[in-house]
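Here is a short tour of one protein model, written for a reader who likes to see the cut-offs beside the claims. Have the viewer open as you read.

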Amino acid sequence: MTTNNPSPTRSPWSGMAPVDDTALAVTDTGGAGVPVVYLNGQFATQGYWRNVITDLGAGWRHITYDERARGRKSGRSADYSFEAAVRDVDAVLAARGVQRALLVGWSYGAVVGAHWAHRNPDRTIGAVLVDGAFPHDWLDEAMEQRIRKLFRRMGWFTPLLRPTGLTPRMTADQQAESNIELGRLSRERELGPVLDAITVPVRYVVASGTSLGSKGDEQERIRASLDAVTARNPAIQVHAKVASNHGAILKKDFATVAQAVREVATLDGAGR
């Protein structure tokens, strides 16, 4: 792979990037390749991207990080809002001296990536959105109650896993409110205009079946909302729909995600 990436060559690095009232655990493989920033699922960690990074190989500059109160090291914060998550992208890029990057986001991270690409077209090579950022009105009062009940039910055992970094250091209510905020931001009237205004290349990798908390064909109906988006905005296309469900897609279909990254980089002229 060759590159016209303007970012300087960097040595591999891991450490803490300060932002607001906290700091985030960041890993940067360094090198002179195209910078790829990976945006995690809502309560996931940077470790989820291991297979995608391995498939892409050493010709890219891979930057991963754990969101606030996620993983083993990222600090707690007074602010777990979506806007804080968007600010965290800026903080990580600034900490690593990256001016322009390719974004890869899964689930919640896909919505963060869509918003960041919309707001920063001159700094975005493009984006790969993995089974997230679907504009659909899936949140209503009954769903809010379902979400709160789900996280409170999980609250008895998630603290036991916190030392492993597999669950966030957030209360059940904080996790529920974050998920509810995502539902509000995902409404067609909210997310639709964001996607319509994106001008950089975007490729979706779409899963099949259910996700945590979904019932029946709910998730497939949400994914179907993407058809109208691709019809309106030629910059956005579906790279592939895979057989894996939402939770397994990065484990089982990592090669498809990696290929979408290569496609986006080539469209921009950043990679060959």
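Is Asp 55 buried, partly exposed or exposed? With a relative accessibility of 28%, Asp 55 counts as partly exposed; here buried means under 20% relative accessible area, exposed means over 50%, and partly exposed is in between, using a 1.4 Å probe and protein chains only.

A few ground rules help. This is a predicted model, in which local features need pLDDT of at least 70 and side-chain atom pairs count only at pLDDT 80 or more, while totals for chains, interfaces and linings use all residues. Residues are numbered from 1 along each chain as its sequence is written, and side-chain values use heavy atoms, with hydrogens and water left out.

**Salt bridges**

The structure holds 22 salt bridges, each defined as a side-chain nitrogen of Lys or Arg within 4 Å of a carboxyl oxygen of Asp or Glu. Three of them are set out here, with the N to O distance.

| Acid | Base | N to O distance |
|---|---|---|
| Asp 20 | Arg 87 | 2.9 Å |
| Asp 28 | Arg 61 | 2.6 Å |
| Asp 55 | Arg 262 | 2.9 Å |

Asp 55 lies in helix α1 (residues 50-56) and Arg 262 in helix α11 (residues 254-268), so this pair ties together parts 207 residues apart in sequence. Helices (H or I, at least four residues) and strands (E, at least two) are DSSP runs, numbered from the N terminus. Arg 262 is partly exposed, at 24% relative accessibility.

Asp 28 and Arg 61, by contrast, are both buried. Asp 28 belongs to strand β2 and Arg 61 to strand β4 (residues 60-65), so the parts they tie together are 33 residues apart in sequence.

**The hairpin and its turn**

Strand β1 (residues 13-19) pairs with strand β2 (residues 22-28) in the antiparallel sense over seven bridges; two strands pair if DSSP finds at least two bridges between them. Ser 14 stands opposite Thr 27 in β2. Two residues separate the strands of this hairpin, and Asp 20 in the turn has a positive phi of about 50°.

Asp 20 forms a salt bridge with Arg 87, a residue of helix α2 (residues 82-95) that is 67 residues away. Arg 87 is partly exposed, with a relative accessible area of 33%. Asp 20, Arg 68, Asp 79, Arg 87 and Asp 88 are linked in a network of salt bridges.

**A buried loop residue**

Gln 46, in the loop between β3 (34-39) and α1, counts as buried at 16% relative accessibility. Leaving aside neighbours within four places in sequence, Gln 46 has contacts (heavy atoms within 4.5 Å) that include Ala 25, Thr 27 and Tyr 65.
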